[in-house]
Every structure is written in C-alpha cells, then in structure tokens.
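Subject: Structure handover

Hello,

Here is the structure you asked to look over. My notes follow below it.

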Amino acid sequence: MSVYDVLKERGFLKQLSHEDEIKELLEKEKITFYIGFDPTADSLHVGHFIALMVMSHMQRAGHRPICLLGGGTGMVGDPSGKDDMRKMLTPEFISHNIACFKKQMARFIDFSEGQAIMVNNADWLLELNYIELLRDVGVHFSVNRMLTAECFKKRLEKGLSFFEFNYMIMQSYDFLQLFKKHGCIMQLGGDDQWSNMLAGVELIRRKEQKPAYCMTCKLLTTSDGRKMGKTEKGALWLDPEKTSPYDFYQYWRNIDDSDVENCLSLLTFLPMEEVRRLSSLQDAKINEAKKVLAYEVTKLVHGEAEAEKAQQAAEALFGGGGALTDVPTIEITAADAEGKIIDVLTAGKIFSSKREARQMIQQGGLYIGENTVSNPEASFAPSMFDAEKSLLIRKGKKKYFRLIIQ
C-alpha cells in the first residue's frame with residue numbers, strides 16, 4: 001500500500017491539484033515535499049498536529065519532508081479564514097517562536113542524516129528586491145483570479161489590505177525557492193490553504209515548465225463541522241507548560257462518541273483494522289476506545305511516561321484506582337481551608353471571576369468531593385480535607401482540581 005492509499009484510507013486527503021499524477025508519483029518515486037508553519041505563537045497546537053502526522057506518514061514511506069518555518073511570512077500574516085488583519089509580530093517574537101517550534105517538531109520528524117530539512121523563509125524573503133519580485137514573480141499572477149480565492153473572500157467584505165494581499169505571492173515564492181534549492185515538488189497543508197498552495201503549483205508550472213503538486217488535508221473538526229482543539233483555557237497546545245499532559249489526555253478522553261473514529265484515524269498510528277474495531281464499540285464500551293485514543297495521542301505528543309501518568313490520574317478520578325498526583329493542583333493556606341469557597345477558588349484561578357463561580361453553583365455544577373455545592377456563601381472546613389490535607393474539586397462534568405493545604 002502506497003502512502004497515497006494510507007492517507008486516503010485514514011481520511012487525511014481533501015483536495016489534490018493533479019490527483020492521478022500524484023497517486024502514480026507516490027506509488028513509484030520518493031519525493032521531497034514541504035509543509036509551512038507560521039510562528040504566530042510560542043507553541044504548536046493540535047491543529048498543527050494533523051500536519052505533523054501527515055508529514056510523519058510521508059517520511060515513514062520514504063519521502064523527504066521539509067519543515068518550512070515562516071520567519072518571513074509571519075511578518076505579514078496569512079489572511080485565510082480571518083475577519084480582521086492579524087496582529088503584526090516583532091522579529092524578536094518570531095525568532096523566539098521559531099526556536100520553540102524547532103524543539104517540538106523533533107518529537108515527530110526524524111531530522112538525522114538528511115532524512116528531513118528545516119528551513120526559515122526569512123532567509124530569502126527578507127532580502128528580496130521588490131521590483132525584481134514584481135518582474136520575476138508578480139507577472140505570473142492575475143489579480144482578477146486572486147480576488148476569487150477563498151483565502152481572500154471573507155476579508156473582502158470588511159477590507160483587505162495590500163499588505164496581506166501579498167501573502168499568496170510570498171507563499172508561492174517559497175514553493176519556487178524550495179523547488180530550486182531542494183528539488184521539492186509538492187506542498188501539503190490544511191484545506192484552508194488550498195488557494196495559496198495551488199498558486200504555488202501554478203507558478204512553478206508556468207515559470208519552470210516542470211510539474212509541481214499540492215495536496216490539502218482535512219482540518220480537525222467534530223462530526224458536525226466545529227473546529228476541535230478548543231478548551232476553557234483556549235487552544236489545545238502541544239507545549240506541556242501551556243496545556244498539561246493531564247489536561248491534554250482528558251480532552252481526548254472526553255470527546256463525543258461520533259468523533260472517535262475520525263480522531264483515531266488521524267491522530268494515531270494504530271492499524272485501521274484496530275481503529276474500526278474500537279470505533280464500532282457501542283454505548284459504555286466506547287469509553288474504552290476513548291481511553292486508547294487519549295493514551296496514544298498523549299504518548300505521541302508528550303512521551304510514554306507522561307501518558308502513563310495522565311492515564312493513572314484519570315483512573316484515580318473515574319475508575320477508583322491509581323494516583324492523583326497529575327491532577328491539576330492548587331496550593332492553599334490553612335486560612336484558606338476555612339475561607340469562603342468562591343473566594344478561594346477564584347483566587348486559585350479555578351474560576352475566572354466570582355460571578356462565574358456563583359453561576360456554576362446555581363447551576364449545580366460545582367462539587368466538593370462527591371457533594372454538590374448549593375450555597376454560594378458556603379465556606380470550606382478543615383474536616384473536608386483528607387489525611388494528606390487534600391481535597392478534590394469538580395467543576396462541571398469533566399474538570400477536576402485538587403486543593404492541598406501547605
């Protein structure tokens with residue numbers, strides 16, 4: 001089975017520029033391909049994880065990946081899917097984020113002995129002569145056609161700056177440079193990048209008179225089309241300092257039943273026979289599939305040791321066994337152990353405000369141990385804490401915290 005068949009069976013593929021040619025190419029040759037990552041934050045998030053999984057599947061099949069870090073494009077910002085212009089990032093901020101990306105990518109991609117390449121498009125974009133770019137590249141772009149691209153449509157309603165309008169040209173130029181320097185003939189990326197990617201393919205085919213290709217992958221969404229990877233705290237990050245391994249594990253453990261097969265297919269390397277078996281489980285048994293999913297994804301992102309810890313912490317909460325050491329912990333004082341519940345939990349950042357805490361209590365969604373908190377004016381009592389001076393708090397159906405008296 002070629003990597004084309006693997007990606008198709010697992011549900012990655014969305015749009016292909018020249019499907020028949022790509023299918024034959026991936027069956028018969030080993031190619032160099034690239035995926036771009038603009039460093040808009042200091043960590044990759046779960047949306048990037050799809051791209052990393054595709055890259056890993058391709059590399060396992062013998063193809064050579066290029067991780068393109070957008071030190072240059074990040075200074076402009078991709079308008080795709082955005083209602084307003086992105087915040088302009090400083091060179092220092094971008095450099096810091098690139099360093100963070102490099103560390104995280106090494107967990108998924110083998111960069112040893114030429115197995116993969118990592119480059120920064122700032123190396124060529126920041127030194128460009130604008131007139132030369134217009135004459136050499138701009139002449140191949142039709143403004144009329146660019147204005148019909150999906151990546152610009154939403155912005156045209158509110159106003160698209162010329163600054164951002166250049167993003168498609170810059171991304172296409174990236175592909176051209178990688179084609180010339182590294183023999184890269186294919187770009188992969190999320191389906192929201194289709195217009196930008198197709199422009200790069202067409203630029204190479206027109207200017208170099210040689211074949212180039214692109215494939216987009218489906219975005220990580222729920223069965224009803226909503227984007228996955230959003231939590232109460234924001235994005236689901238791959239950095240353990242921004243999203244703890246426990247919270248990361250719990251996110252996948254608590255997905256909807258209808259999303260299990262899709263996530264197992266896209267986010268793990270389990271054989272598809274096993275994916276289908278787990279996904280076919282019904283009623284309460286589907287929770288076993290969710291446990292496997294949560295463990296496998298956490299293991300890939302954070303390592304086996306952290307996955308084991310997160311699993312044990314979850315079992316302690318839901319299965320009556322294991323240890324609570326990896327449940328998020330808030331240290332409180334002896335005085336807090338007799339303080340007003342709302343005050344202590346708000347100070348500990350379990351709630352963003354006392355108003356939110358009151359609303360949760362009024363809705364019956366706050367638990368101390370096994371007991372529902374019904375009085376917004378209630379206080380803690382030392383007798384609530386166990387011999388280890390610990391107390392388990394549940395917020396809503398799925399969020400657990402542990403208070404410890406210091």
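Which residues are linked with R145 in a network of salt bridges? They are E202 and R206. Please keep in mind throughout that this is a predicted model.

Salt bridges

The structure holds 19 salt bridges, and I went through a few of them. Within the network just mentioned, E202 and R206 are joined directly, with N and O 3.7 Å apart. Both residues belong to helix α11 (residues 194–207), where four residues, or about one turn of the helix, lie between one position and the other. E202 counts as partly exposed because its relative accessibility is 21%; the cut-off for buried is under 20%. R206 is also partly exposed, at 39%.

A second pair sits in helix α15 (residues 286–302): E288 and K291 are three residues apart there, so about one helical turn separates them. Their closest N and O atoms are 3.5 Å apart, and the two form a salt bridge. E288 is partly exposed, with 43% relative accessibility, and K291 is partly exposed with 23%.

The third pair is E377 and K340, whose side chains meet in a salt bridge at 2.5 Å, N to O. E377 is in the loop between β11 (371–372) and β12 (390–395), and K340 is in the loop between β9 (329–332) and α17 (341–347), so this salt bridge ties together parts that are 37 residues apart in sequence. Both ends are partly exposed: E377 has a relative accessible area of 44%, and K340 is at 23% relative accessibility.

R10

R10 is placed in the loop between α1 (3–9) and β1 (13–16). What does a buried arginine here have in the way of a salt bridge? R10 has none: the nearest side chain of opposite charge is that of E9, and it is 6.1 Å away. The cut-off for a salt bridge is within 4 Å. The side chain of R10 does reach the backbone oxygen of T268, at 2.9 Å. Leaving aside neighbours within four places in sequence, R10 is in contact with H57, L264, S265, L266, T268, F269, L270, M272 and V275.

Helices α13 and α12

Three of the R10 contacts, L264, S265 and L266, are also listed among the buried residues of α13. Helix α13 (residues 260–267) is largely enclosed by the rest of the structure, because seven of its eight residues are buried. The buried ones are V260, N262, C263, L264, S265, L266 and L267. What do they pack against? The partners are α3 (46–60), α12 (245–253), α14 (272–279) and α15. The last of these is the helix that holds E288 and K291.

Helix α12 is mostly covered as well, with nine of its nine residues buried. These are P245, Y246, D247, F248, Y249, Q250, Y251, W252 and R253.

F165

F165 is found in helix α9 (residues 162–165). Is F165 buried or exposed? It counts as buried, because its relative accessibility is 12% and the limit is 20%. Not counting residues up to four places away in sequence, F165 touches V143, M146, L147, F152 and L160. C67 is 98 residues from F165 along the chain, and the C-alpha atoms of the two are separated by 24 Å.

The chain as a whole

The secondary structure comes to 18 helices and 13 strands. Taken along the principal axes, the C-alpha atoms fill a box of roughly 80 × 45 × 40 Å. The protein chain has 406 residues, and 51% of them are buried. Among contacts between residues at least 6 apart in sequence, 72% join residues at least 24 apart.

On the surface, the protein chain exposes about 19,600 Å², of which carbon and sulfur atoms supply 48%. As for charge, there are 52 positive and 56 negative charges, and their mean positions are 2 Å apart.

Regards

Terms used
Residues are numbered from 1 along each chain as its sequence is written. This is a predicted model: local features need pLDDT of at least 70, side-chain atom pairs count only at pLDDT 80 or more; totals for chains, interfaces and linings use all residues. Side-chain values use heavy atoms; hydrogens and water are left out. Helices (H or I, at least four residues) and strands (E, at least two) are DSSP runs, numbered from the N terminus. Buried means under 20% relative accessible area, exposed over 50%, partly exposed in between (1.4 Å probe, protein chains only). Lys and Arg count as positive and Asp and Glu as negative; His and the chain ends are not counted. A polar contact is a pair of N or O atoms within 3.5 Å; within protein, one must be able to donate a hydrogen and the other to accept it, and residues adjacent in sequence count only if both atoms are side-chain atoms. Contact means heavy atoms within 4.5 Å. Accessible areas come from the Shrake-Rupley method with a 1.4 Å probe; for residues, only the protein chains shown count as cover. The place of a charge is taken as NZ of Lys, CZ of Arg, CG of Asp or CD of Glu.
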